[in-house]
Amino acid sequence: MDLNVNGVPVSTDSDPDAPAVELLRDGLGLTGTKLACGNGVCGACTVLIDGAPGASCLLPTAHLEGRSVTTVEGLDGAHPVQRAFAAHDAMQCGYCTPGFVVEAAAFVDRWRAEHGDVDPGRAAVATAMAGHLCRCGAYEGIYAAVRAACAGEHDDPASAPRPRVEAFEKVTGRARYTTDILPAKRLEAVIVRSPHAHARVGAIDAGDVPHVDLLPDDRTLRYVGQPVLAVAAATRSQALAAAARVRIDYSPLPAVTRPEQARAAGSPLVYASRDERRAAPRSGEGPGLPGRWQGNVRGPSGFGRRQATAVRRLSRAAERGDDRLVTAVFTTSVQVHTPLEPHACVARWDERGDLHLHVSTQAVTDVAEQAARRWGLPPERVHVVAEHVGGGFGAKGRLGVEAIAAAELARICGVPVRLVFDRSEELTDAGSRPGTRTELALLADASGDLAALAVDAHGDGGVSVDTPTALFANLVYGTAPRRLRDFDVVTNLPPGAPFRGPGGAPLLWALEQGVDEMALRLKEDPIALRRRWDGNPKRHALYDRAAALPMWQRRNRGAQSGRIRHGVGVAAANWPYLLNTGAQVELEVREGRVVARAAIQDIGTGSRSVIADVVAAELGLPADRVRVEIGHNNGLKGASSTGSKTTTSIGPAAQDAARRLRRLLGDAPSVAHRLEASEGARVVGGRGRDRHGYLTPVPLGGMAVGRGFAGAVHVAEVEVDTRLGRIRVTRMWAGIAAGRIYSERLARNQCEGAIIQGIGYALYEQRHIDPATGVVLTDNLEDYRIPGIADTPEIEVYFHQEGWEHVNGGGVGLGEVAAIGVAASIGNAVRDATGFRPLDLPIRPDRLLEGMRP
Amino acid sequence: MDFLSPSTWEEALAAKSAHPDAVPIMGGTDVMVELNFGRRRPPALLDLTRIPQLRDHGPDDGYLRLGAGVPYTTIIERLRDRSPALAQAARAVASPQIRNRGSVGGNLGGASPAGDAHPPLLAVDALVELASVRGVRRVAAREFYHGPRRTARRDDELISAVLLPEPAGPQSFSKIGTRNAMVIAVASFSLALDAQARTVGTGIGSAGPTPLRAIEAEKFLASEFDWDGAASPSPATVTRFGELVASAARPIDDVRGSAHYRRHALSVMARRAVSWAVTDYRKEIARCA
Ligand SMILES: Cc1cc2nc3c(=O)[nH]c(=O)nc-3n(C[C@H](O)[C@H](O)[C@H](O)COP(=O)(O)OP(=O)(O)OC[C@H]3O[C@@H](n4cnc5c(N)ncnc54)[C@H](O)[C@@H]3O)c2cc1C
Ligand code: FES
Ligand code: FES
């Protein structure tokens with residue numbers, strides 16, 4: 001069969017029914033086209049067929065016969081929309097970018113031919129881009145880029161400034177992700193997963209296909225989708241066929257699939273013995289909290305201040321029916337990370353017995369350390385590579401089953417082995433934010449001050465424990481007495497994982513609505529109340545800004561009638577400042593340029609740019625004289641991209657390294673002049689300590705908790721269709737107090753993305769389980785609904801940069817604090833619009849209508 | 001798996017007759033999803049994309065004949081006036097990539113109760129043309145849907161076209177999704193008025209095992225509607241119509257929405273459709289006057 005790809009004639013004998021994306025990627029090596037959902041939903045695989053956009057995952061190869069196909073590579077970096085994407089930073093991880101760019105190129109050309117060089121406005125762009133999903137939520141940049149390209153603002157090839165150093169690789173499809181590593185001689189692996197919610201495994205007969213056992217020590221499976229073993233074969237379809245032939249003896253055991261059921265007396269136990277409990281996976285990222293077990297419930301791990309006082313005040317207030325006592329039970333749904341690049345690993349052992357892992361990870365050094373320990377290798381003999389990472393959000397923080405299985409199979413087979421999750425696996429067993437049920441009690445005294453607070457939170461993290469939520473109520477609203485108790489309720493469902501502000505998002509959903517309710521009871525402006533209760537001076541600055549916003553000033557007061565109603569809501573957030581104290585950056589002069597290296601990775605936050613900008617500024621070099629190499633464990637001390645700590649750890653290290661290099665080279669007349677003569681010069685810079693040190697006396701695993709809390713205030717404006725129960729977030733303001741902003745555009749992009757994910761959490765995202773079987777029903781991106789471009793409100797982000805002078809570098813992380821209060825601000829806005837206080841996430845239309853029923 | 005790619009209609013019919021279990025594939029936007037996830041491994045695929053007449057459209061004895069393979073994009077861009085409700089439905093389908101390839105024939109072939117083409121086809125009383133080596137027959141869309149994904153099409157038949165009557169009054173389609181775009185319907189509704197016959201047609205999507213009609217609602221509105229002056233129906237009439245539409249649905253709870261919400265959404269869409277119809281009808285009267 002003949003076709004034309006990017007202007008080049010191609011002949012192929014591929015299977016006619018195989019999706020075209022396979023031919024493009026595996027056959028022709030055009031890996032700019034991504035396969036992310038295989039379902040036609042996400043658009044990452046979009047190519048032009050005779051000029052018209054189509055999803056190549058749904059296109060049988062046969063349909064390309066005689067056609068002309070243009071992939072992102074075929075646009076050659078020369079299309080104005082590619083420059084526009086780079087200039088407006090219309091990306092984070094970049095995994096969705098090629099698909100967006102291809103669609104946008106067709107749209108822009110057509111728009112300009114039909115309308116001339118005019119701005120099409122948001123609505124037209126939203127319609128055109130409806131077939132694309134960006135899990136990072138880079139939609140604001142995408143709107144701006146497409147509109148500007150239509151208006152002819154990027155026709156001049158002289159490149160406009162690009163806030164992100166790797167932008168060009170991302171808009172051209174050249175950025176290589178783990179899934180794009182396709183060694184010619186390799187095997188493809190797939191995982192055989194449990195069909196039972198609870199079962200003991202007997203004999204396994206895999207025939208002569210290479211396989212590795214992935215069972216836990218007790219050979220007991222505790223959820224549907226749990227890995228049993230992995231098999232490898234020459235192609236993925238052969239591996240799938242081999243997997244289907246594996247015979248496994250299961251002895252099913254009784255299972256619990258709902259938290260209410262798990263809590264009931266006499267229900268089947270997920271973990272029957274102490275040893276089993278001890279081996280339970282953990283969903284948190286901290287050191288893990290203690291807790292006693294009672295059946296399937298673990299806890300409480302209790303925190304607080306003057307707990308007895310808190311309890312006494314609350315019960316007395318309840319007895320006397322005090323109007324200043326706010327109590328409610330809030331719930332949140334399990335939210336799945338579902339980064340657009342699935343979990344993936346390509347593993348290889350070399351002649352010397354070194355292990356090479358290409359892995360989609362947020363933590364190259366942690367993965368390397370864990371791999372070294374697992375396979376008994378010295379650290380320098382494990383080589384982890386993550387050049388580009390298509391998102392993580394917390395789900396890719398450790399050595400995972402994809403890497404373990406690939407490495408084991410590679411060892412058995414003596415060839416590289418590639419293992420990539422499909423979207424169903426990604427949505428079933430690759431990480432999710434535990435659901436919660438949170439009982440909140442909040443009491444104000446006669447003068448309207450916070451008198452007592454109690455939070456009991458039950459985490460629903462499937463088989464995993466350690467889902468602290470209530471704990472985070474220790475960080476807010478002064479020192480009033482409080483009792484905070486966290487429980488885990490285990491069920492036979494997939495385990496949770498840390499997800500962007502773990503614990504913070506569900507806590508604030510409850511607490512910030514509670515505070516809002518209190519403001520209503522006290523008849524006080526919700527911002528003013530927070531300002532009174534919250535002693536944090538940095539957030540005071542944000543409250544003042546928020547209170548002055550036109551949308552806040554003009555908000556409706558009093559009950560509304562009519563079908564469409566508008567509301568405005570506010571929520572505040574507080575989040576610990578974490579860092580890797582030992583993070584290092586190495587600089588080396590090579591061929592007249594400075595090469596910067598760090599053992600970090602970029603999951604879309606823009607770590608390369610942080611280093612490049614800091615080094616270039618310190619040395620007075622033009623951007624193109626600094627090259628950043630990250631995504632390897634190169635012997636330097638790194639920082640994982642978890643806990644919002646990469647930038648604050650690596651920025652000062654880069655600064656320190658640059659100062660050292662300047663000292664080494666001397667700067668007369670300028671560093672730039674001295675580079676040519678300094679080939680090979682090398683320095684290593686370190687993070688340096690903060691003034692006054694850290695809250696943690698010694699770093700744990702290289703990590704410390706710094707002094708001070710990052711703060712955020714979100715103000716959301718919603719429009720509610722009270723007849724259909726639909727909510728649209730029309731506008732969102734975010735005030736962020738995280739100190740110095742290393743790169744304004746990249747930081748704003750993070751905050752915008754955080755808002756989009758918060759909107760998903762608030763309105764759409766809900767993992768559904770079949771309670772009878774424990775099967776995850778929402779295992780595709782049609783049914784698990786993440787926000788699309790049309791769900792994006794107009795977003796304004798304000799950075800308050802003072803107050804972090806004690807921190808080396810002056811700035812702390814913001815990726816999490818920018819996310820955790822979003823849903824609560826929307827909940828409060830819905831209450832403002834409708835009078836109905838939403839207690840359960842997501843605020844689905846049916847729930848809203850039910851709640852509003854008189 | 002065999003891949004049959006006939007280049008003429010006769011060959012296609014012969015192939016379908018010889019391999020009744022071959023799965024036809026047009027745009028592939030349903031078929032490929034199933035293949036990709038290994039949900040289905042049919043013995044053969046029968047590719048229909050090389051048959052030119054499946055993409056034709058034009059007048060046919062008082063009808064608009066729409067080849068089964070005409071993609072949604074073409075309906076939106078070229079056939080808006082001749083098939084208003086269907087074009088609105090086409091616009092509501094997914095995304096540009098899907099609309100460029102997906103077809104009404106494919107929608108009918110899969111017969112998902114959530115398919116957007118079905119409610120308009122029911123409402124306007126369209127015909128579905130089925131062909132086999134045994135001959136050609138036309139089945140009213142209203143007789144086409146038999147059960148969950150089961151239709152009047154026999155195993156050796158292919159869908160060749162749909163035939164849409166000339167619009168004779170206001171038509172509309174609306175759809176409730178779960179997000180602001182790119183969604184399969186939670187519920188959808190189509191309304192078509194025939195000013196000459198003074199009849200009302202309805203179609204309900206995603207709220208039952210098959211696409212449905214609300215026959216009681218049709219009769220009720222036909223008798224209540226002011227066919228001469230298009231006076232606004234009373235609020236009670238509109239509400240009653242909404243209730244009748246909702247009660248014709250047979251929805252279930254699933255990941256997209258609850259049965260209760262679906263009924264509610266249908267009544268809202270039905271009421272709104274009446275008010276649009278009144279406005280359109282008045283405009284039409286004004287234009288003719
Ligand atoms: C991401 C995504 C979103 C979607 N959103 C929507 C939506 O919003 N609304 C909606 O209605 N649909 C939606 N769909 C479903 C699909 O796009 C439509 O059903 C479309 O109409 C199918 O047309 P097709 O030509 O691609 O069909 P195909 O996939 O080629 O075929 C579909 C079925 O029809 C059969 N078939 C095709 N042609 C014939 C024929 N001539 N004779 C007999 N049988 C035939 C096939 O065997 C198959 O069973 C969506 C699909 C995807 C992937
Ligand atoms: S991979 Fe094709 S649309 Fe998602
Ligand atoms: S940038 Fe879009 S998915 Fe990451």
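Visitor: How do the residues of the shell around ligand 1 divide into nonpolar, polar and charged?
Guide: The shell holds 16 nonpolar, 13 polar and three charged residues. By the convention used, Ala, Val, Leu, Ile, Met, Phe, Trp, Tyr, Cys and Pro are nonpolar, Asp, Glu, Lys and Arg are charged, and the others, Gly among them, are polar. The model is predicted: local features need pLDDT of at least 70, side-chain atom pairs count only at pLDDT 80 or more, and totals for chains, interfaces and linings use all residues. Residues are numbered from 1 along each chain as its sequence is written, while chains are lettered from A and ligands numbered from 1 in the order in which they are written.

Visitor: Which residues come nearest to ligand 1, and what makes a residue near?
Guide: A residue is near a molecule or strand if its C-beta atom, placed from the backbone, lies within 6 Å of it. There are 32 residues around ligand 1, and those that come nearest are Gly40(A), Gly27(B), Gly102(B), Gly106(B) and Gly109(B). Ligand 1 lies between chains A and B. Strand 2 (23–25), helix 2 (31–36), helix 5 (96–101), helix 6 (104–110) and strand 10 (158–165) of chain B each give two or more residues to the shell. Helix 6 of chain B gives the most, with five residues.

Visitor: What does UniProt list for residues 1–169 of chain B?
Guide: An unreviewed UniProt entry lists "domain: FAD-binding PCMH-type" for these residues of chain B. UniProt positions follow the numbering used here, feature names are shortened, and annotations may be inferred rather than shown by experiment. Over residues 1–169, chain B is 33% helix and 26% strand, and the end C-alpha atoms are 48 Å apart.

Visitor: What makes a run of residues a helix or a strand?
Guide: Both are DSSP runs, numbered from the N terminus: a helix is H or I with at least four residues, a strand is E with at least two. Chain A has 25 helices and 33 strands, and chain B has 11 helices and 13 strands.

Visitor: Why is chain A called as compact as a globular protein of that length?
Guide: The globule rule is 2.2 Å times the number of residues to the power 0.38, and the radius of gyration is taken over C-alpha atoms. For 854 residues the rule gives 29 Å; chain A has 27 Å, which is close, so chain A is as compact as a globular protein of that length. For chain B, with 289 residues, a compact globule would have a radius of gyration near 19 Å, and the value of 19 Å agrees.

Visitor: How is it known that Arg200(A) is buried, exposed or partly exposed?
Guide: A residue is buried if 20 or more other C-beta atoms lie within 10 Å of its own, exposed if 12 or fewer, and partly exposed in between, with C-beta atoms placed from the backbone. Arg200(A) has 15 other C-beta atoms within 10 Å, so Arg200(A) is partly exposed. Val10(A), with 16 such atoms within 10 Å, is likewise partly exposed. Buried residues make up 62% of chain A and 53% of chain B.

Visitor: With which residues is Arg200(A) in contact, leaving aside its neighbours within four places in sequence?
Guide: Two residues are in contact if their C-beta atoms, placed from the backbone, lie within 7 Å. Under that condition Arg200(A) is in contact with Arg219(A), Thr220(A), Ser251(A) and Leu253(A). For Val10(A), which lies in strand 2 (residues 8–11) of chain A, the corresponding residues are Leu3(A), Asn4(A), Val5(A) and Leu28(A).

Visitor: What makes two strands a pair, and in what order do the three strands of the open sheet in chain A stand?
Guide: Two strands pair if DSSP finds at least two bridges between them. Strand 7 (residues 199–205) and strand 9 of chain A are joined by two bridges and run antiparallel, so the pair satisfies that condition. The order of the sheet is 9-7-11, with antiparallel pairing. Strand 9 (220–221) and strand 11 (247–252) are the edge strands, each pairing on one side only. Within strand 7 lies Arg200(A), and Ala199(A) stands opposite Leu221(A) in strand 9.

Visitor: How many residues does the contact take from chain A and from chain B?
Guide: The contact takes 41 residues from chain A and 37 residues from chain B. On the side of chain A that touches chain B, strand 4 of chain A gives the most, with four residues.
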